[in-house]
Amino acid sequence: MDHSTSDSQLNSGEVDYEFESNEVPEPLSVVDDELVPKVGMTFTTLEDAGKFYRNYAKAAGFSTRVWCTNRKGNEIKNQLITCSREGKWKSKISPTEKTNPTAGLNCPARIYIHTLKDVGAWIISKVVLDHSHPCCPSKAEMLKQHRELSMSIRRTIENNEEAGIRPSKTYQSFVAAAGGHRELNFIKKDVKNYITREVQNVFEQEDAKKFGKYLLRMKEKNSNFFFELQLEEDQSIKFAFWADARSRAAFEYFGDVISFDTTYNTNRYNLVCGSFVGVNHHGQSTLLGCSLMKNEEIESFKWLFQCWLRCMGGNTPKGFLTDQCASMKRALEACMPTTVHRWCIWHIMKKIPSKLNGYKGHADIEQEMSQVIWNSHSKDSFDRNWNDFLLNFGLADNKWLSDLYEDRHIWVPIYLDHHFWAGMRSTQRSESMHSFFNKYITRNSSLIQFVKQYDNCLGSREQAERESDAADFHTVIPCATKSSIEAQFQDAYTHAKFREVQAQFRGKANCITRLKNSALGYSVYEVGEQVSSSIFNKFAVTYDSVAAEVKCQCLLFESRGILCRHALSVLSFEQVSQVSPRYILERWSKKVKRRHTHIKSSHDEPLMEPRSKRFDQLVFRSQNICEFASESEELTAILHRAYDNVMAEMESLKAKRKGTSSLSHEDANLESVNELQSPPRIRTRGRPKNRLGSKLEKQIANATKKKKTKVLSEINLFDVASAVHSNSSQYQGHVMNYHFRVPVAGDNSLGV
């Protein structure tokens with residue numbers, strides 16, 4: 001294509017054409033003449049001119065970039081836009097060591113635009129259409145400049161990222177909706193880059209400020225939101241704890257037993273995450289507070305537990321489960337002396353292979369130890385069985401086992417099951433919460449990303465409880481037997497807990513009840529339960545007919561609040577038709593009106609730009625219109641015509657408003673102020689001019705000026721010193737800084 005005019009030709013010395021001997025440049029593809037730039041073309045704005053050249057570049061098969069912009073003061077006077085393969089950077093590193101691809105080929109294709117003072121328009125004064133490389137329109141859509149994420153795509157990416165949907169899945173959903181990869185004008189890498197650059201890009205200097213602002217916003221939304229921070233001398237976060245209003249209200253009903261556990265790798269600062277987890281009336285885990293700590297020392301846990309108690313009005317739980325951590329143990333003894341502390345038995349059993357692997361027959365040792373722990377139905381029997389176990393396997397001198405025995409009162413079931421534990425024996429509920437976090441956050445996640453996922457976890461727990469409450473209200477699980485006692489539990493308990501009761505009724509079929517002695521209404525029974533074809537376990541059950549009280553040696557009711565099959569067998573033997581109300585716990589009742597169910601869990605609304613908010617509102621309204629119009633071809637045609645008319649009206653209004661606009665205090669509002677843009681920033685190369693440079697820096701600066709002379713020979717309207725390189729731009733907005741006070745001695749915390 002020979003479309004360049006005589007005055008747009010460059011001297012042969014201005015461009016260094018470098019072709020390999022075996023390379024022949026392909027001719028330019030045929031492009032519609034209306035898209036081809038020509039000398040004398042005028043445009044209303046510089047943006048329109050740049051957009052026109054980009055459209056031509058896409059049709060011709062290349063991409064562009066702004067090479068130079070010449071200013072006088074704050075006003076742009078002229079601009080040079082070139083092919084993106086202009087120039088040729090030569091690395092000092094040997095090609096054998098650096099093999100990254102480079103695009104520079106000294107391509108001469110360019111346009112030169114300058115302003116017309118009197119008219120206020122822009123004109124193309126020079127055009128070069130020839131390239132030093134082949135162009136392929138079919139591959140142009142793969143060039144970065146011509147790939148674009150629309151507002152709809154960006155909002156979908158942001159929402160999916162907040163929901164924890166992986167970028168690859170998000171991209172595949174776009175492919176499926178568009179009907180194939182070729183129908184998209186972007187690639188998977190663009191989706192990942194957008195998430196990294198726009199969604200997850202939180203600078204470390206701003207991360208703590210955003211975290212603090214999040215806490216303040218939640219406090220403004222609900223005054224019952226609680227948080228405390230303890231800071232280092234440099235004002236960095238040392239400890240943080242927060243709990244939303246719903247969690248604080250839920251503690252009133254589900255704060256009797258707490259599981260607490262810590263986990264790592266949830267943020268880029270390696271702060272330890274700790275979560276307080278309770279059990280609701282459906283047996284589901286419910287979050288009752290979250291913390292971030294710099295270390296796991298005794299004083300750290302003391303601060304955290306005291307802070308959590310202040311949050312919950314000073315009410316201590318009856319039971320507290322943790323892993324086998326000495327620091328937690330000592331902190332709990334100091335902060336909650338009346339609370340029963342229990343170690344997670346799952347963690348202890350998990351350590352058996354590593355602790356006893358050096359002994360011969362370690363598999364038999366592990367099996368026998370498990371039998372002693374789980375099948376000892378009294379403290380005396382446990383002590384006897386443990387000593388026999390040590391003697392049989394020659395483990396009397398094993399320090400780990402000796403230490404475990406000394407601490408048996410905080411981990412062996414028979415020493416603890418006379419206390420209520422809501423069915424918990426391990427911290428796996430806390431760990432399940434952490435596994436939820438770990439699906440969506442990594443060790444490189446920011447604090448603000450972490451709290452967003454914590455909000456998502458709160459929301460998912462709230463929704464699970466709401467769904468279960470609705471199922472309890474609208475449906476009924478039929479009784480499995482004709483027992484009137486089962487009907488009592490069916491009427492009172494939630495579905496999840498009633499199923500546990502039914503499991504005990506089914507297990508009653510394997511029990512044989514035998515009366516051992518009876519006097520004055522007090523009877524002692526022996527209930528044999530067949531657990532396998534050859535094994536029967538025996539349990540002592542007492543029944544007081546005067547007090548209507550039944551007790552079993554297995555302690556299932558005491559520890560879980562569910563009557564065991566052994567007690568049910570005795571009640572059936574005694575022909576009891578109704579159990580005492582003491583055995584129908586309000587804890588598991590579906591009839592109790594709980595205050596926390598009327599409180600929404602905390603959820604931070606995204607701080608969107610005004611345009612994004614307007615976009616979401618328009619999309620939400622248009623969905624109903626589209627759904628209605630899709631019912632028939634006639635309605636669809638009406639909507640298409642309406643769209644065309646509205647589009648024409650909006651384009652006309654947008655064209656009229658091009659140019660300058662004003663904003664007065666009379667019609668200003670928050671949204672309009674948010675839309676104000678900073679004046680164009682005057683950018684300079686390298687360091688500020690007033691800095692005293694070294695001799696080497698001055699030599700580099702002089703060499704750079706010589707290289708620029710060749711390009712600036714085309715732009716002779718102003719002095720060379722006024723030319724500004726504008727390959728990229730940067731927006732800087734005003735940031736509000738929250739200055740945390742310097743803590744005084746003995747009081748180094750912030751709290752609300």
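This briefing describes strands, salt bridges and surface patches in the structure above. The model is a predicted one, and every value given here is computed from it. Strands 2, 3, 4 and 5 are taken up before the charged pairs, for which the count comes to 24 salt bridges, and the briefing ends with two patches on the surface.

**Strands 2 to 5**

- Strand 2, which covers residues 64-72, pairs with strand 3 in the antiparallel sense over 8 bridges, and within this pairing Cys 68 has Leu 80 of strand 3 as its bridge partner.
- The hairpin made by strand 2 and strand 3 has 2 residues between the strands, and Gly 73 in this hairpin takes a positive phi near 70°.
- Strand 3, which covers residues 75-83, also pairs with strand 4 in the antiparallel sense, here over 5 bridges; Ile 81 is matched with Ile 111 of strand 4, while Thr 82 is matched with Arg 110 of strand 4.
- Strand 3 is largely enclosed by the rest of the structure, because 7 of its 9 residues are buried.
- Strand 4, made of residues 110-116, is mostly covered as well, with 5 of its 7 residues buried.
- Strand 4 continues the pattern by pairing with strand 5 (residues 121-128) in the antiparallel sense over 7 bridges, and in this pairing Leu 116 stands opposite Ala 121 of strand 5.
- Strand 4 and strand 5 form a hairpin with 4 residues between them, and Gly 120 in the turn has a positive phi of about 75°.

**The loop before strand 2**

- Gly 61 lies in the loop that runs between helix 1 (46-60) and strand 2, and with a relative accessible area of 11% this glycine is buried, because buried means under 20%.
- Although Gly 61 and Cys 136 are 75 residues apart along the chain, their C-alpha atoms are separated by 4.5 Å.

**Salt bridges**

- Side chains of opposite charge can pair when their charged atoms come close.
- Lys 294 and Glu 232 form a salt bridge in which the closest N and O atoms are 3.2 Å apart. This pair links distant parts of the chain, since Lys 294 sits in the loop between strand 10 and helix 8, Glu 232 sits in the loop between strand 6 and strand 7, and the two are 62 residues apart.
- Arg 582 forms a salt bridge with Glu 549, with 3.4 Å between the closest N and O atoms. Here too the pair links distant parts of the chain, with Arg 582 in the loop between helix 20 and helix 21 and Glu 549 in strand 16, 33 residues apart.
- Glu 500 and Lys 497 form a salt bridge whose closest N and O atoms are 2.9 Å apart. Because these two residues are 3 residues apart in helix 18, they are separated by about one helical turn.
- Within that helical pair, Lys 497 is buried at a relative accessible area of 5%, whereas Glu 500 counts as partly exposed at 21%.
- Arg 65, Glu 86 and Arg 110 are linked in a network of salt bridges.

**Surface patches**

- Val 646, Met 647 and Met 650 make a nonpolar surface patch of about 270 Å²; Met 647 belongs to helix 22, which covers residues 633-656, and is partly exposed with a relative accessible area of 44%.
- A patch of positive charge on the surface gathers Lys 51, Arg 54, Arg 611 and Lys 654.
- Lys 654 is also found in helix 22, and this lysine is exposed, with a relative accessible area of 61%.

Notes
Residues numbered from 1 in each chain as written. Predicted model: local features only at pLDDT ≥ 70, side-chain atom pairs only at ≥ 80, totals over all residues. Heavy atoms only, no water. Patch = residues over 30% accessible without salt bridge, like charges linked within 9 Å, V, L, I, M, F, W, Y side chains within 5 Å. Areas by Shrake-Rupley, 256 points an atom, 1.4 Å probe, with all protein chains shown as cover. Salt bridge = Lys/Arg side-chain N within 4 Å of Asp/Glu carboxyl O. Buried < 20%, exposed > 50% of the residue type's maximum accessible area, 1.4 Å probe, protein only. Lys, Arg positive; Asp, Glu negative; His and termini not counted. Charge placed at Lys NZ, Arg CZ, Asp CG, Glu CD. Pairing = 2+ DSSP bridges.
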